[in-house]
Amino acid sequence: MTVINIALVGFGKIAKDQHVPSIGKSEAFHLAATVSRHGTMEGVPAHRDLASLIADQPEVTAVALCTPPQVRYALAREALEAGLDVLLEKPPGATLAEVEDLIALARDRGRVLFATWHSRFAAGVPATKAWLAEREIQRGSITWREDVRRWHPGQTWIWQAGGLGVFDPGINALSILTEILPQSAHLTGADLEFPSNQETPIAARLSFLSGGAPIEVDFDFRQEGPQTWAMNFETNDGVLTLADGGATVSAAGQSLSEGDALASEYDGIYARFARLLAGRESEVDLSPLIHVADAFMLGRRLITDPFVE
Ligand code: NAP
């Protein structure tokens, strides 16, 4: 097997915590470079921008873009135009149209574009999907509540337009929802709470319908104490509960999965990327981002207390 030389572009929390270890474990990839204005890794060639990577390391054929979403489109375009295959962190872009543009560019250039949704690789997601496929959902609820000060310290981009605010973690729940539902869902209403001093919401309540069943969603960045990333589905054959971001699942009183949150998600992402590269196939599913765009379009905007980190 030819090992793929990959570079990490944007060397912040997720690149260091998850991409580096998963690339290290993968037989398909070799971490050949980092591209970052500040971050470096011992023993790995470092570049301050993509142009320098492209000029100096022609052996690199793929990049994983781990920057905030607001700057991802320009980097992805530059990489695809230079003939690189591209993995996008979630969300794949700051707008739907820019991702459509990247899909077309990747197709035109014969490059692989992989828009990742890491939560879909959580241990319990396949079992949840299979269990729900054989049952009728009567109602669902999603609670994704975390402390922004604990999980996103110093990440000012989250509060700037395009950074999604509470939808940054919330879109992970929507990526699971769009994967596991037997029937598609659409938004019927939303309330978005914006701190008076920020450009993105700190909390959101969404209502969906899927095959006639209501699904209520509660996203909140102000959760102190225990953190909650959970879903419940009442069906004609018992209740399914997914917890720990998709790692732990029980249905009708039986355990379907007990894993570690985030632990194996990125190993799964790199295994999938290797398969896509081997088959020269792209994979981009916009459905989680469509729901977020719908929430901004249909949602009522409520102003709440200023947020100061
Ligand atoms: P982060 O810690 O703030 O890192 C982002 C990196 O992007 C920084 O190291 C920065 O590197 C680079 N960057 C380039 N242009 C930037 C700009 N204009 N503003 C800020 N940074 C810029 O963020 P992160 O948590 O790694 O998140 C990055 C992406 O991964 C987000 O889309 C997020 O949703 C996703 N993600 C995060 C997590 C998580 O748990 N944190 C989990 C899954 C996915 P330089 O300044 O050195 O260039």
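Which backbone nitrogen lies 3.5 Å from a polar atom of the side chain of His47? The exercises below lead to this and to related points. The model is predicted, so that local features need pLDDT of at least 70 and side-chain atom pairs count only at pLDDT 80 or more, while totals for chains, interfaces and linings use all residues. Residues are numbered from 1 along each chain as its sequence is written, and side-chain values use heavy atoms, with hydrogens and water left out.

**Exercise 1. Describe the surroundings of His47.**

Step 1. Locate the residue: His47 is found in strand 3, residues 46-47. Helices (H or I, at least four residues) and strands (E, at least two) are DSSP runs, numbered from the N terminus.

Step 2. Decide whether His47 is buried or exposed. Buried means under 20% relative accessible area, exposed over 50%, and partly exposed in between, with a 1.4 Å probe and protein chains only. His47 has a relative accessible area of 8% and is therefore buried.

Step 3. Find its polar partners. The side chains of His47 and Ser52 are joined by a polar contact of 2.6 Å. A polar contact is a pair of N or O atoms within 3.5 Å; within protein, one must be able to donate a hydrogen and the other to accept it, and residues adjacent in sequence count only if both atoms are side-chain atoms. The backbone nitrogen asked for at the start belongs to Leu53.

Step 4. List contacts (heavy atoms within 4.5 Å). Not counting residues up to four places away in sequence, His47 touches several residues, among them Ala33, Val35, Asp56 and Gln57.

**Exercise 2. Show that helix 8 has a buried face.**

Step 1. Check the length. The expected span of a helix is 1.5 Å times one less than its number of residues. For the 15 residues of helix 8 (residues 265-279) this gives 21 Å, and the end C-alpha atoms are 21 Å apart, which agrees.

Step 2. Name the buried residues: Glu265, Tyr266, Ile269, Tyr270, Phe273, Leu276 and Leu277. Seen down the axis of helix 8, these buried residues fall within an arc of 130°, so they line one face of the helix. The arc is that of the directions from the helix axis to the C-beta atoms.

Step 3. Turn to the other side, where Arg275 and Ala278 are exposed.

Step 4. State what the buried residues pack against: the elements include strand 1 (4-9), helix 1 (13-25) and strand 2 (29-35).

Step 5. Look past the end: Arg280 follows helix 8, and its phi is positive, near 50°.

**Exercise 3. Describe the sheet of 9 strands.**

Step 1. Read the order: this open sheet runs 14-13-12-11-7-10-9-8-15, with mixed pairing. Two strands pair if DSSP finds at least two bridges between them.

Step 2. Identify the edges. Strand 14 (254-258) and strand 15 (300-304) each have a single partner strand, so one side of each is left without a neighbour in the sheet.

Step 3. Examine one pair. Strand 8 (residues 185-195) and strand 9 (residues 203-210) pair in the antiparallel sense over 8 bridges. Leu192 has Ala204 in strand 9 as its bridge partner.

Step 4. Find a residue in strand 10: Asp218 lies there. Its side chain and that of Arg145 are joined by a polar contact of 2.8 Å.
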